[in-house]
Amino acid sequence: MFSNQIWYHIKEGSRSIFTHGLMSFASVCMIVACLLIMGSFSLVAVNVNEMLGQLEDENEFLAYVDESLDSGQSMSLQAKLASIPNVASATYTSKEEALKNFQAEQGNSALFQDIPADSLRDRYSIHVEDIELMEQTVADVEAVTGIAETRAALEIAEGFVMLRNVATAIAVILVVMLVLISIFIIANTIKLATFSRREEIAIMKMCGATNWFIRWPFLVEGLLLGLMGGLVAYVCQWGVYSLIGKAMAESGILEIITMIPFHDLAGVVLPVFVAVSLVIGGGGSAFAIRKFLQV
Amino acid sequence: MIRLTDIHKQYENGTRALKGVSVQIDDGEFVFLVGPSGSGKSTIIKLITGEVQPTEGRLMVNGYNMTDISPKQIPLMRRTLGVVFQDFRLIEKKTVSQNLEVAMRAVGANTREIQRRIPYILKLVGLTGKENQKVTQLSGGEQQRVAIARALANNPSVIIADEPTGNLDPARSLEIMSLLEKINEMGTTILVVTHEKELVNRFDKRVIAIESGRIISDAAGGYYNNVL
């Protein structure tokens, strides 16, 4: 009996899609549009996040060792520094190596060849795990006995954090807004379907149908519309993303920006699109049918 | 069995539709509920079908206490009733069979049960051969027969007919009433709400008369002319 009921609900829900063909088409189009906009912003945010992550990885600060410490004592600080929370790595550079590096950076210019060997100090290049905690990490490193001074570009770190937070916030706000708009649109479609079938609903209620028996065909309709929209949007998103990626690769100006290939994201994009479209479809239906059940 | 005990009903707008109505309709009875417009007939029907709740009093319908029935029990109670309306309330875009199928699906009947019962009911109401016709292609009398068939679809113990002949000519009205009488003879309780005096008086049945929310008469045998 249960499978009989399921087939009945699926049949009724599917039939209703074609009965209100134009509205169904408009709903699918709106879901596709909303998911495309939402997906595009999300993918931009994902790519920005990825690029920021790469930049964060390159973000480091220097901790200079007290000049009174000999090289053995300087090297022994590594374990202490590495044990500080949020320190990903602490790479030691002696003053001699630092001088050589400096001279190499200057193209081994004769101007810098006579610098005395003790002009620079032993130092550690410190990478952090979370750039947001950089200020605290700098303070912790400075508190280590034997560290004389640090040089950290905190304002750059803060800039990265702010950029990432703004990008995430914009993406979240847009996603929430578009989901709400999509639910509103599909709710109106289902509301039209329920309105045109209000007599039928009243009759079914009078015959002893439960609210869930009446709800299911409308939920099936909403879920099917959502699913169709989600799958079409996925294909469109794939195309749009690939076209943008191709255009950027061919553009000399934008070649420093690297996009994550779509096939690396497809495993996430498809389930997210399907899940969001089902939530939009099911949520819209459930919202639309409430008042027609009061018989 | 339907039993109303000192039922009062006051709507939110202050209208007092029923003022202490007490009446009992036993299983297998055929009862006319008569009265002028605004007398409270429709309120009694709405109370029995669970569309509204009484303000005071006790109402029992086929074993369900309607004064404290839970929302989940209302569909189960309604499955013991069949309702026929003056305006038929058929689904116009569906065929005769599909209209009956909707009612049967609503209570969880499977395809085999539906296919077995529909021809039997259509034969009972005299609509054999009209299974696949759209209801809009039928005459008024035939449409009301479909509505009666739908009310019978789930084998209810009580059929409530609210002005079932209001949209029909006298000959078709008589046919419909005769059909309801035939269904009653098969054991189904029938409650007919009407104000067609001639029709009521043609049948030797119990007549409950209501006016201004009070029962003013309850007697057997074509009584309408004498009280109103």
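What is the mean pLDDT of chain B, and what share of its residues reach 70 or more? The mean is 92, and 97% of the residues of chain B get to 70 or more. Keep in mind while you look around that this is a predicted model. Its scores are ipTM 0.83 and pTM 0.68.

**Figure 1. Chain A, from one end to the other.**
Start with the parts list: chain A has nine helices and four strands. Reading from the N terminus, you meet them in the order α-α-β-α-β-α-β-α-β-α-α-α-α. Chain A is 295 residues long, and 29% of those residues count as buried. Among the contacts in chain A with a separation of 6 or more, 85% are made by residues 24 or more positions apart.

**Figure 2. Strands β1, β2 and β3 of chain A.**
Here β3(A), residues 123-128, is the strand to find, since two pairings involve it. With β1(A), residues 60-65, β3(A) runs antiparallel and is joined by five bridges. Look for Glu60(A), which stands opposite His127(A) of β3(A). With β2(A), residues 87-93, β3(A) also pairs in the antiparallel sense, this time over six bridges. In this second pairing, look for Thr93(A), which has Arg123(A) of β3(A) opposite.

**Figure 3. Val65(A) and its surroundings.**
Val65(A) sits in strand β1 of chain A. Is Val65(A) buried or exposed? Val65(A) is buried, because 25 other C-beta atoms lie within 10 Å and 20 are enough to count. Some of its company comes from elsewhere in the sequence: Gly146(A) is 81 residues away along the chain, yet the two C-alpha atoms are 5.8 Å apart. Once neighbours within four places are set aside, the contacts of Val65(A) include Ser74(A) and Leu77(A), then Arg121(A), Asp122(A) and Arg123(A), and also Gly146(A), Ile147(A) and Ala148(A).

**Figure 4. Two residues with positive phi, one in each chain.**
In chain A, go to the loop between α3 (71-82) and β2, where you'll find Asn86(A). Phi of Asn86(A) is near 75°, a positive value in a residue that isn't glycine. Asn86(A) has 16 other C-beta atoms within 10 Å and is partly exposed. Over in chain B, Ser212(B) lies in the loop between β9 (206-211) and β10 (214-220). Ser212(B) isn't a glycine either, and its phi is positive, near 50°. With 14 other C-beta atoms within 10 Å, Ser212(B) is partly exposed.

**Figure 5. Helix α4 of chain B and the loop that follows.**
How far apart are the end C-alpha atoms of helix α4(B)? They are 20 Å apart, which agrees with the span expected for its 14 residues, 111-124, at 1.5 Å a residue. Just after α4(B) comes Gly126(B), with a positive phi of about 80°. Follow the loop between α4 and α5 (140-152) of chain B and you reach Val135(B). Val135(B) counts as buried, because it has 20 C-beta neighbours inside 10 Å. Its C-alpha atom is 7.6 Å from that of Lys93(B), although 42 residues separate the two along the chain. Leaving out residues up to four places away, Val135(B) touches Leu90(B), Glu92(B), Lys94(B), Val96(B) and Asn99(B), along with Gln143(B) and Val146(B).

**Figure 6. Two nonpolar cores.**
In soluble globular proteins, nonpolar side chains tend to be buried together. In this model, the largest nonpolar core has 72 residues, and those with the most contacts inside it are Leu33(B), Ala149(B), Ile160(B) and Ile190(B). Zoom in on Leu33(B): not counting neighbours within four places in sequence, Leu33(B) is in contact with Lys41(B), Ile44(B), Leu191(B), Val193(B), Ile208(B) and Ile210(B). A second core is separate and has 30 residues, including Leu35(A), Ala187(A), Ala233(A) and Leu265(A).

**Figure 7. Where chains A and B touch.**
How many residues does each chain bring to the contact? Chain B brings 17 residues and chain A brings 14. On the chain B side, the elements giving two or more residues are α2 (73-78) and α3 (96-106). The largest share of that side comes from α3(B), with four residues. Sorted by type, the chain B side has eight nonpolar, five polar and four charged residues.

Key. Residues are numbered from 1 along each chain as its sequence is written. Chains are lettered from A and ligands numbered from 1 in the order in which they are written. Two residues are in contact if their C-beta atoms, placed from the backbone, lie within 7 Å. Ala, Val, Leu, Ile, Met, Phe, Trp, Tyr, Cys and Pro count as nonpolar, Asp, Glu, Lys and Arg as charged, and the others, Gly among them, as polar. The expected span of a helix is 1.5 Å times one less than its number of residues. Two strands pair if DSSP finds at least two bridges between them. A residue is buried if 20 or more other C-beta atoms lie within 10 Å of its own, exposed if 12 or fewer, and partly exposed in between; C-beta atoms are placed from the backbone. A nonpolar core is a set of buried Ala, Val, Leu, Ile, Met, Phe, Trp, Tyr and Cys residues joined through C-beta atoms within 7 Å. pLDDT is the predictor's confidence in each residue, from 0 to 100.
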